[in-house]
Amino acid sequence: MKSVRRAGLAVLAASLGLVGLAALVPVRFDSREELFEIPNGTWARRRAGDNVEILPSQIRLVLGARDVLMLRNLDAVPQIFGPTLLMPGQSFRLPFEVASEYQFACSAHVSGQMTVVVEDALTSPWSRLRWRTDGILGSISKL
Amino acid sequence: MHKIHRLTVLLALLLSLPLAAAASDEPSPDFKSGVFDPPRMAPDFALDGSNGAALTLSAHRGKVVALAFGFTYCPRVCPVTLAKLAQVSTKLGPLASELQVLFVTVDPERDTPARLLEFLSFFNPAFLGGTGEKAKLEALRQAYGVSATRVVSDNAKLGYEMHHSASIYLIDREGKLRLLVPFGKSVDDILHDVQLLLKK
């Protein structure tokens, strides 16, 4: 009975430690650009019936750290990518300076819309914890 | 004496090196809008203009063009876009004549040249509108990646509305499609980018 309680306490302590780390350790990004690329051959794959999804319907960015949306078309044909049409080899760089939720018409998505959520800089422990939790939940929902 | 002179020249050359390097390594302008890289030539068009003449993009080569797609019965988006562009034009002062606003309809059934003229004059008499055959306008929208869908309006008087892409395309003096201004950008941000394009 004692060992069960000890194990429970250990799990609780570890969980609290993880939450503390998630809240206190600064979120770092290797670049301010969130890059999405259409690989070469995407058009051919789609034509063959493969439902290739490249751009999520919701993209999350953070001011001052990762606040630039970068879209690149590496395919051999023009593609509607996010809010615009990109020629082969062309890229589109869209910076954000205000935290808000941005809606774009995007015919590449079934909903016809793409949302970019731009959050304030992750300066508080709470904002870092929320960012990480949302990231984990987002990854789980994709599984 | 000669030695001192040579030393002075050498020193001046050495001091000027970093300046020269900085000048050749000029960073690309920091635009507030979405930037296309490399920019492509903006697809040209020939439409029925609101001024009674043909409306072509190429006729405005040498100016910066702000191109928007919309419709005159638009209850929310187009009036905001055009009001912002009118403010940008006002803020440009003497440079206003270097910016041409073009408004291409996505609703040719209702937007005649006369209707466009009346609508655009409300914002700025210098703005030009364009309409044309449905298929021609569809092809043009496709060339720019603009979407437009007809939907039943909540307002019975309107009958229908057009849901459409609400971005503004900024085209430079050479006719290259340089920037896409998403809906919601502030007047000052648009002004900032137009001014950068005008400097080129």
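1. Chain B first: of its 200 residues, 40% count as buried. This is a predicted model, so please read everything below in that light. Chain B holds five helices and ten strands. Among its contacts with a separation of 6 or more, 68% are between residues 24 or more positions apart.

2. On confidence, the mean pLDDT of chain B is 89, and 86% of its residues reach 70 or more. The weak spot is residues 9-27 of chain B, where the pLDDT is below 50 and the stretch makes zero contacts beyond near neighbours in sequence. Where pLDDT is low, the predicted coordinates should not be read in detail. For the model as a whole, the scores are ipTM 0.78 and pTM 0.80.

3. Now the inside. The largest nonpolar core has 65 residues, and those with the most contacts inside it are Ala66(B), Leu67(B), Phe103(B), Tyr169(B), Leu170(B), Ile171(B) and Val194(B). Which strand gives the most to this core? That would be strand S4 (residues 64-70) of chain B, with six residues.

4. Phe103(B) deserves a look of its own. Leaving out residues up to four places away in sequence, Phe103(B) touches Ala68(B), Gly70(B), Leu82(B), Leu120(B), Phe127(B) and Gly129(B). Ala68(B) and Gly70(B), both on that list, fall within the residue range 64-70 of S4.

5. Staying with S4 of chain B, Val65(B) has its place in that strand. Why does Val65(B) count as buried? Because 22 other C-beta atoms lie within 10 Å, and the cut-off for buried is 20 or more. Apart from neighbours within four places in sequence, Val65(B) is in contact with Leu57(B), His60(B), Gln100(B), Leu102(B) and Ile171(B). Also worth clicking on is Arg173(B): 108 residues separate Arg173(B) from Val65(B) in sequence, yet their C-alpha atoms are 7.7 Å apart.

6. Helix H5 (residues 187-199) of chain B has 13 residues and reaches 18 Å from its first C-alpha to its last, close to the 18 Å expected. Its buried residues are Ile190(B), Leu191(B), Asp193(B), Val194(B), Leu196(B) and Leu197(B). An α-helix has 3.6 residues a turn, so residues three or four places apart point the same way. What do the buried residues of H5(B) pack against? The partners are S4, helix H2 (77-92), strand S5 (99-105), strand S9 (168-171) and strand S10 (176-181), all of chain B. Val194(B) also turned up above, as one of the core residues with the most contacts.

7. A charged residue to check is Asp107(B), which sits in the loop between S5 and helix H3 (113-121) of chain B. Is Asp107(B) buried or exposed? Asp107(B) counts as buried because 21 C-beta neighbours lie inside 10 Å, with the threshold at 20 or more. Not counting residues up to four places away in sequence, Asp107(B) touches Phe71(B), Tyr73(B) and Met162(B). Arg150(B) is 43 residues from Asp107(B) along the chain, and their C-alpha atoms are separated by 8.7 Å.

8. On to the interface, where 15 residues of chain A are in contact with 15 residues of chain B. On the chain A side, the elements giving two or more residues are strand S5 (84-86), strand S6 (91-95) and strand S7 (100-105). S6(A) gives the most, with five residues. By type, the chain A side divides into ten nonpolar, four polar and one charged.

9. There is strand pairing across the two chains as well: S6(A) and strand S1 (residues 34-41) of chain B run antiparallel, joined by three bridges. Within this pair, Arg93(A) stands opposite Val35(B). S1 of chain B is also where Pro38(B) has its place, and the peptide bond from Asp37(B) to Pro38(B) is cis, with omega near -5°.

10. Inside chain A, strand S8 (residues 113-119) pairs with two strands mentioned here. With strand S2 (residues 58-62) the pairing is parallel over five bridges, and Leu61(A) stands opposite Val118(A). With S7(A) the pairing is antiparallel, through six bridges, and Tyr102(A) stands opposite Val116(A).

11. Last, helix H1 (residues 2-24) of chain A. Its 23 residues should span 33 Å at 1.5 Å a residue, and the end C-alpha atoms are 32 Å apart, which agrees. H1(A) is hardly covered, with a count of zero buried residues.

Notes. Residues are numbered from 1 along each chain as its sequence is written. Chains are lettered from A and ligands numbered from 1 in the order in which they are written. This is a predicted model: local features need pLDDT of at least 70, side-chain atom pairs count only at pLDDT 80 or more; totals for chains, interfaces and linings use all residues. A nonpolar core is a set of buried Ala, Val, Leu, Ile, Met, Phe, Trp, Tyr and Cys residues joined through C-beta atoms within 7 Å. A residue is buried if 20 or more other C-beta atoms lie within 10 Å of its own, exposed if 12 or fewer, and partly exposed in between; C-beta atoms are placed from the backbone. Helices (H or I, at least four residues) and strands (E, at least two) are DSSP runs, numbered from the N terminus. Two residues are in contact if their C-beta atoms, placed from the backbone, lie within 7 Å. The expected span of a helix is 1.5 Å times one less than its number of residues. Ala, Val, Leu, Ile, Met, Phe, Trp, Tyr, Cys and Pro count as nonpolar, Asp, Glu, Lys and Arg as charged, and the others, Gly among them, as polar. Two strands pair if DSSP finds at least two bridges between them. pLDDT is the predictor's confidence in each residue, from 0 to 100.
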